[in-house]
Amino acid sequence: MERITIDPITRLEGHGKIEIFLDEKGDVANTYFQIPELRGFERFCVGRPVEDIPIITNRICGVCPEAHHLAGAKAADAVYNVDPPRTAKMLRELMYSAFFVTDHATHFYALGGPDFVMGPDAPVSERNILGVIHKVGLDIAGKVIQARKAGHTVIEIIGGRKVHPCTAIPGGLTRGINEDERQQIEEMGRFAVEFAQFSLQLFSDIVLGNQAYVDLILSDAYTIPMHYIGLVDENNKVNFYDGKVSVVDPEGKRLGKYAPNEYTDWIAERVEPWSYLKFPYLKKVGWKGFVGGMDSGVYSATPLSRLNASDGMATPRAQEEYEKMFETLGGKPVHQQLATHWARLIELLYAAERWMELVTDPEITSDNFHTVPTEIPSEGVGIVEAPRGTLTHHYWTDERGVITKMNLVVGTTNNYAPISMSIKKAAQNFIKSGTVITEGLLNRVEMAFRSYDPCFGCATHSLPGQMPLELKITAADGKTVNVLRQYC
């Protein structure tokens, strides 16, 4: 059996490799998407005060610390059964909206975009952010840099730091904003809206204006019907910070919605011996293996999933783009996973519009930004939508508020089974008996995971019970004296 290895995989957060096995005919027999990283946050947070956890868990990742900070803060709110004031909730969501703008911009222009701007078969030396800048021009690169700078400035004003924010605590925030800061955030928000609209137009011109790209998006190679989940508000519109998680089946029928403290009624997790990353699935449907369809509990949680699981967007311009996407692609739900890039830009516009709604609210500068917890701590769950998927933090504490147990279901973790399935289907479509294997062809296989924008530094937290480890003891002359092995 022939083996093709893509190692390392590229343009993602974290590390991983793809193993493709061919049968005697040269067709793809199976694929494995392996993640070698291990992040043991659930273990070393035990014994720490719960109010420390939002600051500790945001160190899981330097790409999306805001997501872990706020999911942790919401879980801590629940542990103490304290409801933050309206101003605190708005400030948290304002910071989070700015974060979404920066994060989605990063993926479109630096990680996913090069496959379309430069082309999936372009030389690897050109298929990157520098190639994109060279092709689209320095003025567009300047807009991307300005948008990211604006977002991180908002994060620093509200969150205390540009990276790894630290102001969210049980019951609210440690500080508010003044009028000068509000005006500064509003000015940057206006640019964010313009930038989001510009990015959607760029996508329309470069991607939707190229029939070959449209055919690639709609092709069977990147299409798998499955269940979808996403956080929605009381009107079933997409929301990143608060609400309930909507679950829809492959035909778009809503199976129900669950509150954060109900997630274990809906989500179960399993492990496989060949990876350190868990495989969540819908408990009410059941695990049927790495297959899609109505009878499989495999679900995805991505920008496209959120749009599939909702009834629309809560801001006007984003709603127009939402309607345009589904009309263009033939209605809901959309199962073509490459369309996630389009959905991501619609969310970018929503985040920018929501930014403006929040920063112009009269109560945003109120000094009522914290409620002191008074109840005995116990157990709590916090959920936000990370850019890569639904993020769940579940904490158990003793009566002093010290962590006794933790569970994290991270955005990318939700998508591990769909990513594995998408890679296999792409490989089976592009690699046939007699196919000449080129770097461009293997990049098309990588495009299957890139649409999910995975972050494996965030996602890998649990062990399958055994951690392979090899320790070599070497003498001063370089000779190996002894080798100690565990589970390998």
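Trainee: In this predicted model, which side chain meets Arg388 in a salt bridge?

Mentor: The N to O distance of the pair is 3.2 Å, and a salt bridge requires a side-chain nitrogen of Lys or Arg within 4 Å of a carboxyl oxygen of Asp or Glu. Arg388 lies in the loop between strand 12 (379–386) and strand 13 (389–397), and its partner, 65 residues apart from it, lies in the loop between helix 16 and helix 17 (456–459). Arg388 is buried, and so is the partner. The side chain that meets Arg388 is that of Asp453.

Trainee: Are Arg306 and Glu347 buried or exposed?

Mentor: The side chains of Arg306 and Glu347 form a salt bridge at 2.6 Å, N to O. This pair joins helix 11 (residues 303–309) to helix 13 (residues 340–359), across 41 residues. Relative accessibility is 0% for Arg306 and 0% for Glu347. Because buried means under 20%, Arg306 counts as buried, and Glu347 likewise counts as buried.

Trainee: Which residue meets Arg127 in a salt bridge at 2.7 Å?

Mentor: Arg127 sits in the loop between helix 5 and helix 6 (129–136), while the partner belongs to helix 16 (residues 439–450), 312 residues apart. Arg127 is buried, with a relative accessible area of 3%, whereas the partner is partly exposed at 40%. Both belong to a network of salt bridges that also includes Arg11, Asp115, Glu446 and Arg450. The residue paired with Arg127 is Glu439.

Trainee: What separation is found between the C-alpha atoms of Gly113 and Arg127?

Mentor: Gly113 is located in the loop between helix 4 (86–112) and helix 5 (114–117). Its relative accessible area is 2%, so Gly113 is buried. Gly113 and Arg127 are 14 residues apart along the chain, and their C-alpha atoms are separated by 9.0 Å.

Trainee: Which residue offers its backbone oxygen to the side chain of Lys74 at 3.0 Å?

Mentor: Lys74 is part of helix 3 (residues 65–79) and is buried, with a relative accessible area of 13%. Beyond its neighbours within four places in sequence, Lys74 is in contact with several residues, among them Arg92, Tyr241, Asp242 and Val381. The backbone oxygen reached by the Lys74 side chain at 3.0 Å is that of Ile383.

Trainee: What area is given for the nonpolar surface patch that includes Leu484?

Mentor: Leu484 is in strand 16 and counts as partly exposed at 43% relative accessibility. Leu471, Ile473 and Val481 complete the patch with Leu484, and strand 15 (469–474) and strand 16 (480–486) each give two or more residues. The patch area is about 350 Å².

Conventions: Residues are numbered from 1 along each chain as its sequence is written. This is a predicted model: local features need pLDDT of at least 70, side-chain atom pairs count only at pLDDT 80 or more; totals for chains, interfaces and linings use all residues. Side-chain values use heavy atoms; hydrogens and water are left out. Patches are made of residues with over 30% relative accessible area and no salt bridge: like charges are joined within 9 Å, nonpolar side chains (Val, Leu, Ile, Met, Phe, Trp, Tyr) within 5 Å. Accessible areas come from the Shrake-Rupley method with a 1.4 Å probe; for residues, only the protein chains shown count as cover. Helices (H or I, at least four residues) and strands (E, at least two) are DSSP runs, numbered from the N terminus. Buried means under 20% relative accessible area, exposed over 50%, partly exposed in between (1.4 Å probe, protein chains only). A polar contact is a pair of N or O atoms within 3.5 Å; within protein, one must be able to donate a hydrogen and the other to accept it, and residues adjacent in sequence count only if both atoms are side-chain atoms. Contact means heavy atoms within 4.5 Å.
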